[in-house]
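Biologist: Could you take me through the aromatic rings of this protein, up close and in plain words? I would like to know how they pair up and where they sit.

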Amino acid sequence: MRFPLLRSNGWGRLPRFLLAGGVATLLHWLAMLVLIGWGLNAVLATATGATAGLLANYVGQHRYAFCSNLPHRIAFPRYLTGAALGWALNLAGFSLLLFAGLSVAPSQLITTGLVAFANYLFAQRFVFHEEQTINVQ
């Protein structure tokens, strides 16, 4: 189910993007905390948690945040590209902040904010961008 009445351009999508991404982020953090509680290394735990939120985030972004009409065969590979970049940015940022001496929670909070901003720009400009094409003959 799409939400056609919610279709808007630009920054009007931002609150829906943040809500859908927030749900996926909570899933990420929950998985991360559980895995750390079970003794897994914090870097591996955040990588696994980020992966767990992947599909939930795609559905939320495609259907709710961007109300995209792009078919999944186009949108999902684009999303996976953005997700791979976000995953790598999350892992690098988190690792660097841990290395700099921050503890797990502040490292993940800062990293999540940076990754969310980068993901929004990428999703808006590439993943769910439905550019009109002109048929040139």
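**A close look at the aromatic rings**

Modeller: Happy to! Let's begin with F66, which is buried, its relative accessible area being 3%. Buried here stands for under 20% relative accessible area, exposed for over 50%, and partly exposed for what lies in between, with a 1.4 Å probe and protein chains only. Please keep in mind that this is a predicted model, where local features need pLDDT of at least 70 and side-chain atom pairs count only at pLDDT 80 or more, while totals for chains, interfaces and linings use all residues. Residues are numbered from 1 along each chain as its sequence is written, and side-chain values use heavy atoms, with hydrogens and water left out.

Now for the pairs: the structure has 9 aromatic pairs. To pair, rings of Phe, Tyr or Trp (its six-membered ring) need centres within 6.5 Å; planes under 30 degrees apart are called stacked, over 60 edge-to-face, and the rest tilted. F66 has a partner in F17: their ring centres are 6.1 Å apart and the planes stand at 75°, so this pair is edge-to-face. F17 belongs to helix α1 (residues 14-37), whereas F66 is in the loop between α3 (54-65) and α4 (72-99), so the pair ties together parts 49 residues apart in sequence. The helices are DSSP runs (H or I, at least four residues; strands are E, at least two), numbered from the N terminus. Like its partner, F17 counts as buried, at 6% relative accessibility.

A second pair joins F122 and F126, with ring centres 5.1 Å apart and planes at 50°, so this one is tilted. Both residues are in helix α5 (residues 104-127), 4 residues apart, or about one turn of the helix. F122 counts as partly exposed at 25% relative accessibility, and F126 is partly exposed too, with a relative accessible area of 35%.

F126 also has a charged companion: the charged end of R78 sits over the F126 ring, 5.3 Å from its centre. For a charge to sit over a ring, NZ of Lys or CZ of Arg has to be within 6 Å of the ring centre and within 35 degrees of the ring normal.

Finally, back to where we started. F66 and F17 are members of a cluster linked by ring pairs, together with Y58, F76, Y79, Y120 and F128.
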